[in-house]
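Dear colleague,

I am passing the structure below on to you, together with a short account of what came out of looking at its strands. Please read the account with the coordinates open beside it.

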Amino acid sequence: MYIIGIAGGTGSGKTTVVKKILEALPTDKVALIPQDSYYNDNTHLSMEERRKINFDHPDAFDWDLLTRQIQDLREHKPIEQPTYSYLICNRLPETVHIEPCEVIIIEGIMALWKKELRELMDLKIFVDADPDERLIRVIQRDTLERGRTPQMVIDRYLDVLKPMHEDFIEPTKRYADLVIPMGGANRKAIEIMRSYIIHRLHP
């Protein structure tokens, strides 16, 4: 089993990098574990209280559950991955059954933040991009997919995303085995990464 962690700021191009890895491998050989699925269970909070949660802070995640389930996969045990809804800011009752497979990808803004989780990874990747490029992508995504106005996105970026990125996400770059600059647009770096992963699996 080969476990890959992929971190990077919001709008950095992590999704593109993950997609390129998935395209290079048979679907039955790889499982994707989104860190967003492991936000804390907020059932005990009211909707108003949930909306006040800073979801870009490490405290928003259930690190114990994520680490334990990755450890279970490494020990060739299946897991029931939680699911999360942005609409209700809480976990859903449904889970996703994940069987151990050849490649496990953990993807999320803080995938490299927790030491115990990093120690379970065989390859750690940080997807980097200029702040202005990330902001443009966040504006495009949130206005199209989440019903926010450009001004709402900019205010949230300045008040939450930017300081959280500088405090908790950017520092994890030091733990990466591979940094991909220019995010998902860096085709050469992504191709080198894919070739390396395939070679490690099938030398």
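In this predicted model, five strands form an open sheet in the order S2-S5-S1-S6-S7, and their pairing is parallel. The edges are taken by strand S2 (30-34) and strand S7 (178-180), each of which has a single partner strand, so that one side of each is left without a neighbour in the sheet. From one strand to the next, the twist averages 20°.

Strand S1 (residues 2-7) may be a useful place to begin, since six of its six residues are buried and the strand is therefore largely enclosed by the rest of the structure. Its side chains divide between two directions, with Tyr-2, Ile-4 and Ile-6 pointing one way and Ile-3, Gly-5 and Ala-7 the other way, and all of them are buried. As a cut-off for that statement, buried stands for under 20% relative accessible area.

As to its partners, S1 is joined to strand S5 (residues 103-107) by five bridges, the two running parallel, and within S5 the residue that partners Ile-3 is Ile-104. With S6, S1 pairs in the parallel sense over four bridges, and here Ala-7 has Phe-126 as its bridge partner in S6.

Further along the sheet, strand S6 (residues 123-127) is joined to S7 by three bridges, again with the strands running parallel, and Val-127 stands opposite Ile-180 in S7.

With best regards

Methods: Residues are numbered from 1 along each chain as its sequence is written. This is a predicted model: local features need pLDDT of at least 70, side-chain atom pairs count only at pLDDT 80 or more; totals for chains, interfaces and linings use all residues. Side-chain values use heavy atoms; hydrogens and water are left out. Two strands pair if DSSP finds at least two bridges between them. Axes are lines fitted to C-alpha atoms, for helices over the stretch in contact, and angles run from 0 to 180 degrees between N-to-C directions. Buried means under 20% relative accessible area, exposed over 50%, partly exposed in between (1.4 Å probe, protein chains only).
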